[in-house]
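Reader: Please give me a close look at a single part of this structure. I would like to know how that part is built, what surrounds it, and how it compares with other places in the chain.

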Amino acid sequence: MKKTNILALLLVLFVQFSFAQVIQDSMPSRERWNKVSSEGTVTEINKETREITLMGPEGNLNTIKAGDNVKRFDEIQKDDRIKFEFITYIKAEFREPTLTERAEPLQIIAEAGKAPEDVAPGGVVGAMAKAVVTIEVLNRPFMLATVRGPAGNYISIPIKDAAIFKQVHIGQELILTYAEAIAISLEKIEEK
C-alpha cells in the first residue's frame, strides 16, 4: 500500500472516530481480549469459507473460521460436538451508527493484530472488522448477549457488568469492532 493511501486511511479512521465520540451516548464503549477454549455443537457448517457456527454449553452461538492448519476439517458434520480454541478482541460502542456506517455496515479494518502481553499467544492472526450489529438475544441468567452481524452471522458476548442489561434492548443496533484469530484447534469429541 502506498504511503498516501495509508495516510488517507488513517485520516478517514480519525475523522470517523472523532465524529463518533461527539455523538456517543452516555454509555461508554467497552473492550477486551479473550482466549476462548470451549466445547460446542456444530449448528451450521460452510465448507467453502471454512466457517462453523457452534452452540456452546449456555446456548451461545459463535461463528468461527477454521484455518488451513485445522486437519480433517471435512470430517466435521452438523450436530458433531467439538472442542475449539481461538483468540478474540471485542469493542462495543453503544451509540447510533453514523450515515457512513449504515451505508457500509461491515468494514474490514485489519488482517492482523497483537494481543496484549497478559494474553497468550502474543500475536493474533485473523481479521478485524467493524460492523453495525443488532442485539438478538439477552440471556440474563447466563450473562450473554447474542448479536447478529450484517452478513447474518452470530456472536454471543459474555457480559461482565449486569448494569448493561438495564441499558440495552433486543433489536438495538450498536457498533461492534471484532477481531478473531483463525481457529487454533478443533477436536471432534467422540460420543460414548
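**The hairpin of β7 and β8**

Author: Along the sequence, the helices and strands of the protein chain come in the order α-β-β-β-β-α-β-β-β-β-α-β-β. That makes 3 helices and 10 strands, where helices (H or I, at least four residues) and strands (E, at least two) are DSSP runs numbered from the N terminus. The model is predicted, so to speak, throughout: local features need pLDDT of at least 70 and side-chain atom pairs count only at pLDDT 80 or more, while totals for chains, interfaces and linings use all residues. Residues are numbered from 1 along each chain as its sequence is written, and side-chain values use heavy atoms, with hydrogens and water left out.

The part chosen here is the hairpin of β7 and β8. Strand β7 covers residues 144–148, and strand β8 covers residues 154–158. The two strands pair in the antiparallel sense over 5 bridges; strands are said to pair if DSSP finds at least two bridges between them. One of the facing pairs can be found by eye: Thr146 has Ser156, in β8, as its bridge partner. Between the strands there are 5 residues, and Gly152 takes a positive phi near 90° in this hairpin.

How is β7 covered? Of its 5 residues, 4 are buried, meaning under 20% relative accessible area, against over 50% for exposed and partly exposed in between (1.4 Å probe, protein chains only). In the protein chain of 192 residues, 39% count as buried.

Next comes the loop that joins the two strands. Asn153 lies in this loop, between β7 and β8. Asn153 counts as partly exposed because its relative accessibility is 36%. Not counting neighbours within four places in sequence, Asn153 is in contact with Thr63, Val147 and Arg148, where contact means heavy atoms within 4.5 Å. Val133 stands 20 residues from Asn153 in sequence, and their C-alpha atoms are 9.8 Å apart.

Just before the hairpin in the numbering is Asn139, which is found in strand β6. Asn139 is buried because its relative accessible area is 19%. Among residues over four places away in sequence, Asn139 is in contact with Glu58, Leu144 and Phe165.

The hairpin also contributes to a core. The largest nonpolar core has 19 residues, and those with the most contacts inside it are Val147, Ile155, Ile157, Val168, Leu174 and Leu176; such a core is a set of buried Ala, Val, Leu, Ile, Met, Phe, Trp, Tyr and Cys residues joined through side-chain atoms within 4.5 Å. At least two residues of this core come from each of β4, β6 (123–139), β7, β8, α3 (164–167) and β9 (173–181). The biggest share comes from β6, with 4 residues. Another core lies apart from it, with 11 residues, among them Val42, Ile52, Leu54 and Val70.

Leu174 shows what surrounds one of the core residues. Leaving out residues up to four places away in sequence, Leu174 touches Ala92, Glu93, Phe94, Arg95, Ala131, Val132, Val133 and Ile135. For the protein chain as a whole, 66% of the contacts between residues at least 6 apart in sequence join residues at least 24 apart.

For comparison, here are two other hairpins. Strand β1 (residues 30–46) and strand β2 (residues 51–55) pair in the antiparallel sense over 5 bridges. Ile45 has Ile52, in β2, as its bridge partner. This hairpin has 4 residues between its strands, and Arg50 takes a positive phi near 65°. β2 is also joined to β3 by 5 bridges, and these strands run antiparallel. Met55 stands opposite Leu61 in β3. There are 5 residues between the strands of the hairpin of β2 and β3, and Gly59 takes a positive phi near 85° there.

Another loop residue is Asp79, which lies between β3 (61–65) and β4 (81–93). Asp79 is exposed because its relative accessible area is 57%. Not counting residues up to four places away in sequence, Asp79 touches Thr41 and Val42. Thr41 and Asp79 are 38 residues apart in sequence, with 5.6 Å from C-alpha to C-alpha.

To return to the chosen part: β7 and β8 form an antiparallel pair, and each supplies at least two residues to the largest nonpolar core.
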